[in-house]
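Trainee: Before we begin, I would like to go through the terms used for this model one at a time, and to hear the reasoning behind each of them.

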Amino acid sequence: MLTTTYVQGAPNWLDLGSPDIEAAAAFYGAVFGWELQSMGPEAGGYGFFQLDGKTVAAVGPLTEEGATSSWTPYFQTADADATTKAVEQAGGTVRVPPDDVLTAGRLAAYTDPTGAQFAVWQPGDNKGLDAVTDVNTLTWTELYTTDAAAAKDFYRSVFSWDYEDMPFPGTTYSVVSPAGGGQEATQGGIMQLQKENLDAGSGSEWHPYFEVADVDATFAKAAERGATTLIPPMDAEGVGRIAMFMDPSGAQVAIIRGSDR
């Protein structure tokens, strides 16, 4: 379970790269009730999504050539420079080398060996998201990958993650926990893309799950505002009720009402 007591390798930040910040703010405001707090022109259009005064995600313009709209999870690190070396040694690619964000913290961004993009945040004044696992906040991070075995080896090397493999129709789902965290600290999952997905050209990507009060109602709101259905609302045994969609700019989003709620 995610908490805001962030440990090494746990998700501690999340942002959306979008071609239209105002449109993204309108969509997620309607779906999750978020409000955009812009950091002003000096921040290049970057801003925080807030819920009840707490930062729950962020959004910024697309800055890399050829980039498409997507969500990027950031994982906690005590040393972004050391993590960058670990990424390179494990076969990953550095997209954004370690850089200070004033006194807020230090970030770096990468691509794993299977093609999925992610980042790290070394906290300074900004310790990370203010709220997780609450309704309309981040509750899970999930990697769909073209090579689950290679991905697991890579992230284990970089973050020392622990895995518990669970049976899943046609494949295996690996539940992720930070090193030594155990079942109570599970934070996400890794799943092998199935042959039909690979044949259709799907690539490796990370996407967030947001906890919601009502999956069907939230899914309907998203659809009304231009989202594209990926997985319609369905019950997942032992997990809860889930759905997945692409926002109007093409970023993948999953929602869940956990069975423990």
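**Reasoning from value to term**

Mentor: Let us start with threonine 137 in this predicted model: apart from neighbours within four places in sequence, threonine 137 is in contact with Leu51, Val56, Ala131, Val132, Tyr209, Phe210 and Glu211. Threonine 137 sits in the loop between strand 8 (117-123) and strand 9 (138-145).

Trainee: Why is threonine 137 called buried?

Mentor: The relative accessible area of threonine 137 is 1%, and the term buried applies under 20%, so threonine 137 is buried.

Trainee: What makes the pairing of threonine 137 with threonine 133 a polar contact?

Mentor: A polar atom of the threonine 137 side chain lies 3.0 Å from the backbone nitrogen of threonine 133, and the cut-off for a pair of N or O atoms is 3.5 Å.

Trainee: Which term, buried or exposed, fits leucine 16, and how do you know?

Mentor: Leucine 16, which belongs to strand 1 (residues 11-18), has a relative accessibility of 2%; buried means under 20%, and leucine 16 therefore counts as buried. Not counting residues up to four places away in sequence, leucine 16 touches Ala24, Tyr28, Ala58, Val59, Gly60, Ser69, Ser70, Trp71, Asp247 and Ala251. The C-alpha atoms of leucine 16 and glycine 238, on the other hand, are separated by 29 Å, with their positions 222 residues apart along the chain.

Trainee: Why are helix 2 and helix 3 called roughly antiparallel?

Mentor: Helix 2 (residues 80-89) and helix 3 (residues 148-159) pack at an angle of about 150°, their axes being 9 Å apart. Angles over 145 degrees count as roughly antiparallel, and the two helices are therefore roughly antiparallel to each other. The crossing of helix 2 and helix 3 is right-handed, and the contact is made by Thr83, Ala86 and Val87 of helix 2 together with Phe154, Val158 and Phe159 of helix 3. By class, the residues of this contact are five nonpolar, one polar and no charged.

Trainee: How do you know that helix 1 and helix 5 are roughly antiparallel to each other?

Mentor: The axes of helix 1 (residues 21-32) and helix 5 (residues 215-224) cross at roughly 155° and come within 9 Å; with the limit at 145 degrees, helix 1 and helix 5 are therefore roughly antiparallel. Their crossing is right-handed, and the contact is made by Phe27, Ala30, Val31 and Phe32 of helix 1 and by Thr218, Lys221 and Ala222 of helix 5. The contact of helix 1 with helix 5 has five nonpolar residues, one polar and one charged.

Trainee: What makes the phi of aspartate 52 worth a remark?

Mentor: Most residues other than glycine have a negative phi. Aspartate 52 is not a glycine, yet its phi is positive, at about 55°. Aspartate 52 is found in the loop between strand 3 (47-51) and strand 4 (54-61), and with a relative accessible area of 75%, set against a cut-off of over 50%, aspartate 52 is therefore exposed.

Trainee: Where is serine 160 placed, and why does serine 160 count as partly exposed?

Mentor: Serine 160 has its place in the loop between helix 3 and strand 10 (162-168), and its phi, near 60°, is likewise a positive value in a residue other than glycine. Its relative accessibility is 39%; since buried means under 20% and exposed over 50%, this value falls in between, and serine 160 therefore counts as partly exposed.

Terms used: Residues are numbered from 1 along each chain as its sequence is written. This is a predicted model: local features need pLDDT of at least 70, side-chain atom pairs count only at pLDDT 80 or more; totals for chains, interfaces and linings use all residues. Side-chain values use heavy atoms; hydrogens and water are left out. Axes are lines fitted to C-alpha atoms, for helices over the stretch in contact, and angles run from 0 to 180 degrees between N-to-C directions. Helices (H or I, at least four residues) and strands (E, at least two) are DSSP runs, numbered from the N terminus. Angles under 35 degrees count as roughly parallel, over 145 as roughly antiparallel, 65 to 115 as roughly perpendicular and the rest as oblique. A crossing is left-handed if the near helix is turned anticlockwise from the far one by less than a right angle, and right-handed if clockwise. Contact means heavy atoms within 4.5 Å. Ala, Val, Leu, Ile, Met, Phe, Trp, Tyr, Cys and Pro count as nonpolar, Asp, Glu, Lys and Arg as charged, and the others, Gly among them, as polar. Buried means under 20% relative accessible area, exposed over 50%, partly exposed in between (1.4 Å probe, protein chains only). A polar contact is a pair of N or O atoms within 3.5 Å; within protein, one must be able to donate a hydrogen and the other to accept it, and residues adjacent in sequence count only if both atoms are side-chain atoms.
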